[in-house]
Structure formats: structure tokens, C-alpha cells
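Welcome, and please get your viewer ready for a short walk. At each stop you will hear what to select next and what is there.

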Amino acid sequence: MSFSLETLEYAKLLELVARNAQTPMGHRRLLGLRPMTDRRALEQSLAAIAETIALNEEKQVSWSFSGLDDPSDAVAILKIRNASLEPNRLLELSRICNQAIFVRSAVQPEKDFAPTIWEIVEAIPPTLLTAVGKITKKLLPGGEVDDSASPELARLRREINSQRSRLTKSLESVMRSSGDAIQDEIVTMRNDRYVIPVKSDFRGKVGGVAHGFSSSGQTVFVEPLEAIEANNELQNLKGKEEREIARILFDLTEELRENLPGIEAAVEAVAELDAIKTKVEFARRFKAVVPEIADDGTLELAEARHPLLQANLEQLKAEGTTETGEIVPSSFTLTEDRSVMVISGANAGGKTVVLKTAGLLSLMAISGLPVPAKRARIPFYRSVLADIGDHQSLSANLSTFSSHMSNIATMLEECRPPSLVLLDEAGTGTDPEEGSALGVAIVDHFRRRGAQVIASTHYRGLKIYAANDPNVINASVEFDEKTLQPTYRLLIGLAGASSGIEIARRFGIRQDVIDAARQNLDVSAQEAEAYLRRLQDETKRAEDLRIALEEEREATAIKFAGLEVEASRKEKERRKQFERELAETIENFDRQSKAFIESIEDKALKNKLEKERSARKAELNRAVLQKVSTAETQRRDADAENGSPPYEGGVSPASGDGVVLSVGTRVITSFGKAGTIEKLDKDTAEVLVGNIRMREKLANLRPAAEQSVRGPQVSKGSPSLAKPIDATDAAAELNLIGRTTAEAEYELDRFIDEAYMGSLPRVRIIHGFGTGALKNFVHHFLKNHDLVERFAFAPPDQGGNGATIAEMKL
């Protein structure tokens with residue numbers, strides 16, 4: 001394995017990636033990345049990035065680390081028998097373990113969704129929580145041991161406070177009795193013992209042990225004889241406290257030592273998870289993708305960008321030194337058959353950037369890093385070799401040409417396929433004819449060795465080599481002859497003119513020198529340069545024409561879709577007008593028939609005619625519905641034959657079951673609720689569920705098996721008409737509890753007629769239990785009613801014997 005890491009600025013890239021690491025371990029791990037030699041390890045590394053992105057976007061699972069230091073020293077101490085950790089080291093390990101266990105608990109429910117991430121955290125034992133809990137319970141955040149760490153420590157600290165209080169009071173008493181001998185009535189400490197400040201002139205007035213003088217020499221600090229025994233007792237208690245603290249810290253250390261494998265697993269997981277999260281943050285910032293490792297030897301980069309160049313441009317834009325922070329992306333494909341690309345074109349046009357981009361992105365992919373591109377397929381290279389830049393060295397006695405040749409000779413030795421070889425200005429630095437021939441030979445040799453080669457050149461020989469061999473890709477960087485500025489676009493299939501004289505003029509070379517250069521230029525070279533420029537112009541015009549045709553086609557499609565929408569709108573208006581006129585006709589019939597029936601005095605005949613009127617009206621409603629639904633079905637069938645879409649979006653939408661949906665279709669949502677489609681938009685629908693409108697993906701919808709018992713049934717051909725044209729929504733339930741049989745007869749008779757006119761398939765009558773008289777009356781009424789097919793008690797979940805379900809004749 002051989003890689004030109006320094007030439008391709010791999011170390012700078014790692015620094016850019018590691019910049020957002022949250023832990024020292026993750027930062028160190030990222031800086032230590034190298035191209036991988038194990039294919040399985042590489043695929044796991046890339047899968048971990050993809051799973052982390054998916055967890056965040058689809059499951060809202062993420063992790064973050066804060067306040068963590070490098071635990072290497074603490075872990076090393078744990079490996080030494082009988083060694084004890086300082087409180088801060090214990091807290092350091094507890095924080096790492098706590099955060100590692102938190103991530104494990106967050107990932108565990110999604111372990112099937114993210115198996116690679118779960119494999120990283122699975123080794124963290126949940127039992128660590130017990131050991132960590134003891135540390136956080138006994139140690140305060142600042143590292144002090146809490147009084148409650150042990151009963152003995154609590155007792156000792158109470159005694160210390162009590163002894164200190166008695167000692168202080170004793171010294172204050174001595175100061176009061178000493179009068180003018182005291183400098184300041186303040187108890188202070190010297191040599192960890194409580195003393196009082198005595199004026200030097202009155203040293204003999206206060207008996208005791210002197211513990212030093214003040215800086216001015218005016219005060220001597222004396223431990224009175226009365227305080228010596230109390231100070232000794234206080235020191236003894238402090239010694240016992242220190243020994244108890246040491247015992248507690250040792251016990252906590254031993255607790256962690258017993259869990260050392262789990263702690264090491266937690267540290268390893270935190271380092272790896274931080275590195276993965278940092279890679280994901282890099283991918284988000286640079287709009288990078290997880291590359292696919294190609295098995296067929298294909299190198300495909302779509303809209304690839306050099307991350308270091310992009311970061312530099314963004315920094316310059318932030319500083320206000322450049323107007324744009326955008327980078328021009330490059331796209332190309334190399335395969336096993338077409339494994340060589342020769343790039344020509346103007347100086348400073350971006351040829352070297354393409355080489356560096358291809359090389360660095362290939363290194364990133366095989367190092368397990370996301371790649372700044374729209375799409376990336378990269379082989380599992382065993383070597384990525386580059387000869388880019390001027391390697392001349394006076395100390396090594398190397399000229400430009402000799403340094404290039406020395407580097408290429410090394411590359412020839414180290415090249416092991418599958419490999420990527422990058423040659424900047426192949427054969428440069430010597431006689432153009434010899435350099436051109438040498439460049440062709442070098443490129444072709446690497447090609448025959450099975451390497452994929454990207455070479456930049458100004459030599460005509462390499463351009464001709466690429467043009468004459470169908471398995472070699474000719475490419476160039478675009479140069480705008482009008483503005484004399486490079487556009488940095490990579491053009492595939494076309495050689496480019498070097499435009500060296502124009503570039504020289506742009507950089508300020510005198511015009512007389514430019515004119516002299518043009519006169520000295522070989523005629524054939526001028527013709528070749530002119531031909532390449534014309535070819536580039538023709539290609540650019542063809543590309544502009546293609547873009548214009550695409551825009552025109554899109555505009556035509558939009559216009560056609562608009563006509564479809566307008567036709568659909570007019571058809572809806574025509575149908576609404578037709579329905580209104582029908583409703584008026586039926587209303588006139590209903591009004592005239594009612595007036596006629598009201599004029600009849602015979603009550604029996606009047607009731608008979610009223611029922612006949614209701615039956616005829618319902619039949620008229622059904623006939624109208626059938627006619628309209630038949631017309632609607634025929635229209636949709638005609639649209640289907642003509643390829644017209646059933647809705648305004650332009651594509652026939654289908655449910656998750658493959659059933660074609662349209663506006664008005666009754667569907668079941670992903671929440672199990674029935675609703676009606678009101679609007680369709682590409683792959684989503686707006687569904688009215690009760691009084692709530694919601695948006696659902698079409699794939700989540702399925703057609704409703706049947707209409708609700710609270711709504712009218714409709715023929716299959718008419719999803720848009722759900723009730724008779726002139727009818728209001730008919731109730732499907734009647735509550736008769738508390739009514740007399742006389743009151744119930746009137747309400748029940750009217751209820752059955754309205755249900756029949758509303759085409760309800762079945763209704764529920766609630767009569768309760770009571771004495772049974774109302775129930776018996778309801779059953780007798782239904783049994784003799786002409787519009788009722790059959791009836792029976794309701795199921796237990798709908799009222800049981802307290803309600804009756806009646807099925808209507810339709």
C-alpha cells in the first residue's frame with residue numbers, strides 16, 4: 001500500500017475534519033486516520049456514518065459529549081494494583097461512563113435500525129452505572145469527598161468542627177484577657193495550628209509557642225499554652241479524616257478496577273462515537289455524501305469539490321476579501337475500460353485542482369470519511385500516487401525535470417493495482433517534443449499496469465494520444481475568450497487550448513511582447529490553437545442550445561398542465577350547475593306534491609300518499625345519482641384511454657395497495673381514521689378527517705372498505721356524490737328514552753322516512769330497558785313498516801337489548 005499523503009495535503013484535511021471533535025480521544029483518533037487496508041473495516045466505518053445520519057434524521061436519536069478529559073492516565077493507574085485514584089480522576093471516569101451509558105440506552109431501541117452503531121456500544125456493561133453511581137454519591141463536583149461518604153467521615157468532621165469551635169473560643173478568651181498585648185483580635189493559622197497575633201513589644205506577656213513573625217516584624221504569632229493540647233487534638237482528628245478519605249478513595253478505585261474492561265469499552269466507544277459524529281458534522285457542513293466502494297473498478301465523482309479549497313474560500317468570504325465563497329464542482333467517470341483522462345486547457349484554469357480533488361477524495365473514501373460531492377463511487381485503491389507541483393531542490397541537486405522524473409520513478413515501483421495515478425504536467429521541464437513523447441509513454445505504462453490515470457498537460461502529443469484512443473478520455477478546463485478569464489468548469493470529451501499568450505497578457509505582459517510572441521508562434525500551432533478554440537465555442541453553443549431546449553420543453557409541459565387544470569375546473573363548474581338545476585327540479589316536485597297532499601282531508605289516504613311521495617322522491621334521487629355516477633365513470637374511462645390523469649397533478653396517484661386514488665375517494669389514514677381526499681399534490685394528499693385536515697403520503701393511504709354507517713352509501717362509480725342532491729345529512733340514530741308511545745310513534749315514523757330518503761343502509765333506535773313497553777312498541781312498529789327490511793337487538797358494544805338495529809329497504 002502506497003499513498004502520496006503529503007502531496008495531496010491529507011494531514012491538513014484531517015485537521016479540518018477534526019476541528020469539531022468534542023473529546024480529546026475523538027480528536028486524536030481523527031488525526032490518526034489513514035487509508036484502510038481492510039475492506040470490511042472500511043465498509044463498517046462508512047456504514048456507521050450512514051446509520052448516524054439516518055438515526056438523527058429519521059429517529060431523532062443523537063449524542064453529544066461535554067466536559068470530558070483524556071482518561072488515559074486514569075485508566076493506566078487502574079491497571080496498577082493497590083494504586084488509588086485522585087478524586088478528579090474518579091470524576092473524570094464517572095463522566096465518561098455516564099455519557100457512554102446514556103448513548104447506549106438511546107441506541108438500544110434502534111439496534112436493528114443501526115446495527116453498526118449498536119455493535120460499538122453493545123460492549124458497554126450497564127452494571128457500570130452502579131460503580132459510577134457510588135462515585136457521584138460520595139464525591140462532590142469540585143472533587144471534595146462528601147460528608148455522607150461514610151458514617152465515620154461524618155462523625156470525624158462533626159468532631160473537627162466542634163473542636164475547632166472550642167479552640168477558637170479559648171483563643172478569643174486569651175486575647176480578651178491579654179489587653180494591649182494583642183495586635184488584632186483575630187484568630188489566625190500558622191503551620192496548620194491556630195494562633196493569636198501578639199505585639200512584638202509584649203511578647204513576654206503571653207506565654208506559649210511562637211510560630212513566626214509578620215512581614216513587618218511588628219507582630220509575633222503565638223500559640224498560647226492553653227491551646228496547645230486542643231491544637232494537638234484537632235491535628236489528630238484531621239489525620240483520622242485524611243486516613244478515612246484515603247480509604248474511601250481506595251474503595252472507589254477498587255470498585256472501578258473490578259469494572260476495568262467495561263471502563264475501557266466505554267472509553268473506546270466514546271472515542272469512536274465522537275469521531276463518527278465529527279465526520280457527520282463535516283458531511284453536513286460540506287454537503288458531503290457517504291461514498292460507495294465500487295467493486296467494478298469505477299471511479300465516479302459527481303459535482304465533487306475540494307474541501308480545503310472550499311474551506312479557504314468560505315474563510316475569505318467571511319473576512320470580506322472575496323465576493324463569492326462558492327467553488328465550481330467537477331464531474332467525471334473512469335472505468336476499467338476507459339481508465340485514463342487527459343486534461344488540457346489554459347494555465348490557472350483549474351487542471352491541478354481537478355487532480356487534487358480526485359486524489360484527496362479517493363483518500364477520504366478509503367479512510368472512511370464522507371466525500372464532498374453529490375454522488376461518489378470509488379474503488380478500494382491499494383495505492384493513490386501523485387506527482388503534483390515543483391519538487392526542485394538545490395540541496396539535493398534536483399532541477400524541476402529531474403525532481404519530476406525521480407518522483408515518477410518511485411511511483412512506477414510502488415504502483416499496485418487497483419491504483420489511482422495523478423500526473424500534473426507529465427513530461428514538463430524539458431524539450432517539448434521529448435517531454436511530450438515521455439509523457440505519452442509514462443501515461444500509457446501506468447495504464448497497462450492496470451492503474452487509473454488522470455494527467456494534465458499542455459503538450460500536443462498527449463492531446464493527440466487522448467483524441468486517437470477511444471479508451472482515453474479527453475477533457476479540458478473551460479476558458480472564456482471574451483473575458484479572458486477561466487470558468488474552472490471541467491469539459492469532458494474535448495481538448496483545450498492552452499491560451500498561454502492570452503494568459504500572459506492578462507497578467508500584465510507588455511503588448512509589444514505579446515505581439516512579438518504571436519509573430520514567432522508556429523503557423524501550425526496557431527491553426528491548432530484556433531481549431532481548439534472554435535471547437536470549444538461550438539461545444540458551448542451546443543450546450544447552451546440544449547439548456548434552452550430543456551427550458552422550452554419544461555415551459556410547454558407547464559402550459560399543457562395548466563390547460564388540463566383549466567379544463568378540469570370548467571368541468572367541475574358544469575357539474576355543479578347541473579346538480580343545482582336538478583336539486584331545484586326535485587325541490588319543485590317535492591313542494592308541489594306536499595301542497596297537493598295537504599289539500600286532502602282523508603287522513604288514511606293522506607298518510608298513504610305521503611309515504612308514496614317519499615318513496616318516489618327517494619327513487620328519483622337514486623336515479624339521478626346513478627345517472628351522474630355513470631357519466632363520471634365514463635368520463636374517467638375516457639381520460640384513462642387518452643392517457644389523461646384523473647387529477648390535476650399530472651400523474652395517476654396510487655395508494656399503498658396500488659389502488660388509483662382521486663379527489664373524493666374515502667380512505668383509511670396511517671392513524672386508522674377514515675377520511676375523504678380533498679386535494680392531491682404529487683405523492684401526498686390532503687385528507688379531511690372529521691373537522692381536521694391532514695397531509696398524508698399516498699403510500700400510507702388505503703381505500704376504505706365501506707362507508708361509515710353514519711353516512712349514505714353510494715354506487716361504486718361515484719366517489720364524489722355521497723348523498724341525494726337535495727338531502728341534508730340524515731341521522732343514523734334515534735333516542736326514544738323518556739318518550740311515551742304516542743310521542744315515539746310520530747318521531748319513529750319521521751326518522752324511518754328520513755333515513756330511507758337519505759339512503760342509509762341501517763339505523764339504531766335506542767329505547768332502553770325499563771318496563772319493556774317502549775321496546776315492544778318499537779319492534780311492533782318496525783315489523784309492520786314498509787321501508788324496513790329486518791331488525792334485531794343491537795350488539796353488546798352498541799347497547800345490547802337496550803337498542804334495536806333496523807336495516808332499510810334500498
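## Stop one: a buried pair

Select Arg447 and Asp469: both are buried. Here buried means under 20% relative accessible area, exposed means over 50%, and partly exposed lies in between, with a 1.4 Å probe and protein chains only. Before you go further, note that this is a predicted model, in which local features need pLDDT of at least 70 and side-chain atom pairs count only at pLDDT 80 or more, while totals for chains, interfaces and linings use all residues. Residues are numbered from 1 along each chain as its sequence is written, and side-chain values use heavy atoms, with hydrogens and water left out.

Now show the side chains of Arg447 and Asp469, which meet in a salt bridge at 2.6 Å, N to O. The term salt bridge stands for a side-chain nitrogen of Lys or Arg within 4 Å of a carboxyl oxygen of Asp or Glu. Arg447 belongs to helix α14 (residues 432–448) and Asp469 to the loop between α15 (460–468) and β14 (472–480), so this pair links distant parts of the chain, 22 residues apart. Helices (H or I, at least four residues) and strands (E, at least two) are DSSP runs, numbered from the N terminus. Add Asp444 and Arg448 to the selection, and you have a network of salt bridges that links Asp444, Arg447, Arg448 and Asp469.

## Stop two: more salt bridges

How many salt bridges does a search of the whole structure find? The count is 32.

Select Asp70 and Arg28 for one of these, with the closest N and O atoms 2.8 Å apart. Asp70 lies in the loop between α3 (39–58) and α4 (72–78), and Arg28 in helix α2 (residues 24–31), so the salt bridge ties together parts that are 42 residues apart in sequence. Asp70 is partly exposed, at a relative accessible area of 26%. Arg28 is also partly exposed, at 44%.

Next, pick Arg764 and Glu733, a salt bridge whose closest N and O atoms are 2.3 Å apart. This pair too links distant parts of the chain: Arg764 is in strand β22 (residues 762–766) and Glu733 in strand β21 (residues 733–735), 31 residues apart. Glu733 is partly exposed, with a relative accessible area of 33%.

## Stop three: aromatic rings

The structure holds 2 aromatic pairs. Rings of Phe, Tyr and Trp (its six-membered ring) pair if their centres lie within 6.5 Å; planes under 30 degrees apart count as stacked, over 60 as edge-to-face and the rest as tilted.

Select Phe282 and Phe286: their ring centres are 4.7 Å apart and their planes are at 35°, so the pair is tilted. Both Phe282 and Phe286 are buried.

Then move to Phe777 and Phe781, a tilted pair with 6.3 Å centre to centre and 35° between the planes. Both lie in helix α21 (residues 773–783), 4 residues apart, about one turn of the helix. Phe777 and Phe781 are buried.

## Stop four: charges over rings

A charge sits over a ring if NZ of Lys or CZ of Arg is within 6 Å of the ring centre and within 35 degrees of the ring normal. Select Lys59 and Phe113 to see a charged end over a ring, 5.0 Å from its centre.

Now try Arg190 and Phe221, where the charged end of Arg190 sits over the ring, 4.0 Å from its centre. Phe221 is in strand β5 (residues 219–224). Is Phe221 buried or exposed? Phe221 is buried, with a relative accessible area of 9%.

## Stop five: backbone surprises

Most residues other than glycine have a negative phi, and most peptide bonds are trans. With that in mind, select Pro417 and Pro418: the peptide bond from Pro417 to Pro418 is cis, with omega near -5°. Pro418 lies in the loop between α13 (400–414) and β12 (419–423).

Go on to Asp192, which has a positive phi of about 65° although it is not a glycine. Asp192 lies in the loop between β2 (188–190) and β3 (193–199), and is partly exposed at 43% relative accessibility.

For the last selection, choose Glu303 in strand β7 (residues 299–304). Phi of Glu303 is near 55°, a positive value in a residue other than glycine. Glu303 is partly exposed, with a relative accessible area of 36%.
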